[in-house]
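The exercises below ask for a reading of a sheet and of a ligand site, and each task is followed by a solution that goes step by step.

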Amino acid sequence: MSIPSTYDIIVIGAGPAGQKAAVQGTKAGKRVALIERERGIGGSCVYRGTIPSKTLRESALQLDRLRRAGEAFRFSLKPDTQIATLLSRLEDVVQAHDSFMSRQIRRNGISLFHGQARFLSEHTIEMQTVDGAQQQFMADTIVVATGSRPRNPEEIPVDHEHILDSDSLLSMMYIPRSLAVVGGGVIGCEYASIFALLGVEVTLIDRAPHPLQFMDRELVEQFIKGFEQRGGHYLGGQHIEQVRWNEVAHVATKLSDGTIVNSEKMLVALGRQANVDDLNLSAAGIMVSHKGVIPVNQFCQTNVPHIYAVGDMVGAPALASKAMEQGRRAVRHALNLPIGDAASTIPLGIYTIPEMASIGLDEVGARERYRDPLIGRAKFEEIARAQISGAGHGLLKMVADPAGARLLGIQVVGDSATELVHLGQLALQSGATIESFIDNVFNFPTYAEAYRIAALDILGQAAKIRTAKAA
Ligand SMILES: Cc1cc2nc3c(=O)[nH]c(=O)nc-3n(C[C@H](O)[C@H](O)[C@H](O)COP(=O)(O)OP(=O)(O)OC[C@H]3O[C@@H](n4cnc5c(N)ncnc54)[C@H](O)[C@@H]3O)c2cc1C
């Protein structure tokens, strides 16, 4: 058996979480080994998740803009349009990302190894390469960042040809005429709205009466409205009884109320499961919860204090942004460096069409805590920037305490929502007052003006309450 190579930190998995952990380690002057089983680096974020789905979304939006730019063009997609045509930019985007990340890894002096890693003990990792060679590594600190994969229940026969999951969806050759999407979570809703915009007949099926249960109801209603205007159908309150490819032309889905949905393809989007099975975690004494994720404390420490777990493998929210922050925090904690408290409020960005974003308390959360919070609304129809871009409907909701003084949260649906929310994030973190949105001058025309309009709405309500109390 070979003598183990010794490092200060070993990071397993080169997705967003692992990369940031490794970079943080070398920036602090430590020797870091980064072990990744795939040829490319970037994880599901780059190859199967965030970047491919957002590239397809951008193509769908560009096509829609073309369509709307002039009926005179009579522009429509050919029935046999290949998915690859719409993803033509993907290769460039992935390559640009890949070479940026490779440079970052080289520049920081991280030792990158390709192979499948597993624990031999609480300080030793064994890596097996594709040609079967084995190598051992030892370190004081180990960061596990092996991510997640789609959770496909046994009763749905995912064959990656007719019945697909989010890893295989974009391997479809052609845009289907119809698509059934099972699961009204983030991934299901994003893809459902993208394909609906491409003119596909989409049926979105979920157990709950509304999709995206954790989001503000008013925002979700706007999403469903837009989805249905494009010909999409939402079938809520349904259990899947049976899914079968009929061996000829369509996937037949039988629902609990007896409805049969026939579609050319199906996307199964029923959540994610952590990649823990191949790690031989028991050799290091690392616990796994009954939900199949590794329990961690606020510093991402597992029950074995020098072993950290970060990113998708520790559970929701499964976001690249959260994964990166956890990678950074874990290593800073291991090295006794100051961590900062940025992660107390993580913004949520959902790239449906229209997109949605949220930070801090929403209306329901604020009611639970404050009974009568004030809610300011700015409709995009009132904003010059939205009128100019023809972006259609949108809404920014500002949540304030009952006196209308302090900002508690922001929820946005509509064009640029995922960018717009960051203004609210900074305001929340700095404890901004509602008045401060009035005291500042905003560029005109911008979507950011919505903050001013919503703040004025809150201050108007607060003034009325004061007058009523005084009377
Ligand atoms: C369709 C889709 C759309 C998404 N859209 C967004 C979005 O818009 N915004 C957002 O923030 N997030 C989005 N996400 C989520 C985001 O992709 C994940 O949260 C993020 O990739 C998690 O990062 P990670 O580093 O934890 O895991 P991963 O990115 O999964 O990386 C884990 C890495 O570990 C490697 N690995 C696994 N096991 C081993 C082993 N034993 N040895 C060596 N290497 C191993 C894997 O090969 C992989 O490279 C999306 C996800 C999907 C599926």
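**Exercise 1: the sheet**

In this predicted model, five strands form an open, antiparallel sheet in the order E18-E19-E22-E21-E20. Determine which strands are the edge strands, and work out which residue of E22 is the bridge partner of Ala-357.

*Solution.* Step one is to look for strands that pair on one side only, and these are strand E18 (348-350) and strand E20 (374-379). From one strand to the next, the twist averages 10°.

Step two turns to strand E19 (residues 356-360) and strand E22 (residues 407-413), which run antiparallel and are joined by five bridges. Within this pairing, Ala-357 has Val-412 of E22 as its bridge partner.

**Exercise 2: the ligand site**

Describe the shell around the ligand by its residue classes, state which elements each supply at least two of its residues, and find the polar side-chain atoms that lie by an oxygen atom of the ligand.

*Solution.* Step one is the composition: the shell divides into 16 nonpolar, 15 polar and six charged residues. Of the 37 residues around the ligand, those that come nearest are Ala-17, Glu-36, Lys-54, Asp-312 and Ala-320.

Step two is the origin of the shell, where the elements that each supply at least two residues include helix H1 (16-27), strand E2 (32-36), helix H3 (50-69) and helix H8 (320-334).

Step three is the polar contacts: a polar side-chain atom of Glu-36 lies 2.6 Å from an oxygen atom of the ligand, and one of Lys-54 lies 2.8 Å from a ligand oxygen atom. Ala-117 instead places a backbone N or O atom 3.0 Å from a nitrogen atom of the ligand. Taken alone, the ligand exposes 1000 Å², of which the protein buries 95%.

Technical notes:
Residues are numbered from 1 along each chain as its sequence is written. This is a predicted model: local features need pLDDT of at least 70, side-chain atom pairs count only at pLDDT 80 or more; totals for chains, interfaces and linings use all residues. Side-chain values use heavy atoms; hydrogens and water are left out. A residue is near a molecule or strand if one of its heavy atoms lies within 4 Å of it. A polar contact is a pair of N or O atoms within 3.5 Å; within protein, one must be able to donate a hydrogen and the other to accept it, and residues adjacent in sequence count only if both atoms are side-chain atoms. Accessible areas come from the Shrake-Rupley method with a 1.4 Å probe; for residues, only the protein chains shown count as cover. Helices (H or I, at least four residues) and strands (E, at least two) are DSSP runs, numbered from the N terminus. Ala, Val, Leu, Ile, Met, Phe, Trp, Tyr, Cys and Pro count as nonpolar, Asp, Glu, Lys and Arg as charged, and the others, Gly among them, as polar. Two strands pair if DSSP finds at least two bridges between them. Axes are lines fitted to C-alpha atoms, for helices over the stretch in contact, and angles run from 0 to 180 degrees between N-to-C directions.
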